[in-house]
Amino acid sequence: MVIAGDKVTDRSSHSADPADQIAGDGSNRRFACPGLFRIVPSRDGGICRIKLPRGLVTSDQVRAIAGAVERFAGAVEATNRSNIQIRGVRPGCEDAVIDIITAAGLGPRTTGADDVRNLMVSPTAGIDPAALVDVTGLADRILARLEAQPGYHALSPKFSIQIDGGESVAMLEHPNDIWFAAVDSARFAFGLAGCPGDVGGTAGIVAADDVDATLFALLDRFLAENGKINSAGTVISRFRHLLVDHAAHEIAAGLPIMVSRDTEWRSRRPVAFGHVGQQAQGQRDLCWLGAVPPLGRLNTKMLQGLADLADDVSGGEIRMTPWQSILLPNIAISTAANALGQLAALGLVVQNDKALAGIVTCAGSVGCKSGIADTKADALALAARLDAGKIDVFGLHLTGCGKSCAAPRPAPVTLLGISPGHYDVFLRSDAEKAGFGKLVGRDLTIDQAGILLADKFS
């Protein structure tokens, strides 16, 4: 038997249309978003998404994931919300995969709580010397309450929360339903349906001790409207739907917490590629090591090698990042160079001047029925061309269709697949808020796109 939300179903639910899945509360919810207990079918097999508290996973848990993939699936991917997903789960093997993952301690505290574990923090939370606040305890408290209280399980599987402690390594480009960002050691700014630091996106500022209360008051306010129809005719399932009829500052003013306004606050700018290579920790004589699996894919050899290395150098702790990469914390500086070499030997990218350190792709035509082009293979070819020409392109995204699932916000450079092996190329300036940007190349092969990018970025 398999658990989906709070409802027990048989394994036939895995092969059903995700839009037809029924939540435990009896409501009809569209489950296009994979979960641990909801393995969603795709072109290359089922997708099982493992949501990791604060992106943390142990070496033994990584070995369990590798074992599940080796026996019952095809590949492992790091996701852009610091999670892990298993792709290519074979029909009839769903229960076996779920059993292995839950036995490894990677499931939620309660059966209905899997969807609600969408809380993101920096992968360097607690160890970053630039952080204004250590948010690890705060995040753990929030996660525990979200999982323990069934009322919050009604939130959409895509409803997301972010807590930024002012770390130097932080993903601030993900729109979240609710975000908090440290202003200083005593205060947090917060906003709704956007990213930390968006101009005009700050709803208010609260004391650090009031963050928990503020968040749950906002969730309660949202859930009072969840499922209703707004004035635009949209079912309210995300905070942006609620903001159609209610301004963020008005919602903030109605909270039972002291909220101040500060229109001058702006978030700190993170260090580019701080998640790659060796970086000093706040703790003396320790550092973290960051490595990027090419295009976010980890094979079983990589997983086994990563687990063994983590046992040797980081106490078995591994952190996933929102750049579809991994981070090993608490490394003795004296052993860092050798450990970094071992990561490279496993096939991970450990230098930020390599193209694959910054290329993002979707599953493409091999893994997704919406994909028009084989983005994974084409991205590898493009990366080789860019590295050979020493062309530095920051923020390159290949998408197999216009849905752009792999990038939370439009990238500086987007290649949009329009037919097998052919792409339209877009460049986007910082001033542009929506869309891929300016079309600079139409119906180009990967070689032609590489020549174009070399001309633009040389």
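**Close-up 1. A salt bridge joins Asp311 and Arg63.** In this predicted model, the side chains of Asp311 and Arg63 come together at 2.5 Å, taken from N to O. Asp311 belongs to helix 7 (residues 300–313) and Arg63 to helix 1 (residues 59–72), so this pair ties together parts of the chain that are 248 residues apart in sequence. Both partners are in the middle class of accessibility: Asp311 is partly exposed, with a relative accessible area of 39%, and Arg63 counts as partly exposed at 23%. If you would like to place this contact in a wider setting, the structure holds 18 salt bridges.

**Close-up 2. Glu77 and Arg87 form a salt bridge between two strands.** Here the N to O distance is 3.7 Å. Glu77 sits in strand 6 (residues 75–78) and Arg87 in strand 7 (residues 84–89), ten residues apart. Glu77 is buried because its relative accessible area of 7% falls under the 20% cut-off. Arg87 is buried as well, with a value of 5%. The pair also has company, as Asp44, Glu77, Arg87 and Arg297 are linked in a network of salt bridges.

**Close-up 3. Asp285 and Arg284 meet in a salt bridge.** Take a look at the two side chains, which come together at 4.0 Å from N to O. Asp285 is exposed, and Arg284 is exposed too.

**Close-up 4. Arg238 is a buried loop residue.** You will find Arg238 in the loop that runs between helix 4 (211–223) and helix 5 (239–242). Its relative accessible area is 14%, so Arg238 counts as buried, the cut-off being under 20%. Leaving aside residues up to four places away in sequence, Arg238 touches Ser156, Lys158, Phe159, Ser160, Asp177 and Phe222. One of these, Phe222, is 16 residues away from Arg238 along the chain, and the C-alpha atoms of the two are separated by 8.4 Å.

**Close-up 5. Four residues make up a positive surface patch.** The members to pick out are Lys158, Arg240, Lys369 and Lys403. Lys158 will be familiar from the previous view, where it is among the residues that Arg238 touches. Lys369 lies in the loop between helix 9 (364–367) and helix 10 (375–388). With a relative accessible area of 71%, Lys369 is exposed, because that class begins over 50%.

Key
Residues are numbered from 1 along each chain as its sequence is written. This is a predicted model: local features need pLDDT of at least 70, side-chain atom pairs count only at pLDDT 80 or more; totals for chains, interfaces and linings use all residues. Side-chain values use heavy atoms; hydrogens and water are left out. Patches are made of residues with over 30% relative accessible area and no salt bridge: like charges are joined within 9 Å, nonpolar side chains (Val, Leu, Ile, Met, Phe, Trp, Tyr) within 5 Å. Accessible areas come from the Shrake-Rupley method with a 1.4 Å probe; for residues, only the protein chains shown count as cover. Lys and Arg count as positive and Asp and Glu as negative; His and the chain ends are not counted. The place of a charge is taken as NZ of Lys, CZ of Arg, CG of Asp or CD of Glu. Helices (H or I, at least four residues) and strands (E, at least two) are DSSP runs, numbered from the N terminus. Buried means under 20% relative accessible area, exposed over 50%, partly exposed in between (1.4 Å probe, protein chains only). Contact means heavy atoms within 4.5 Å.
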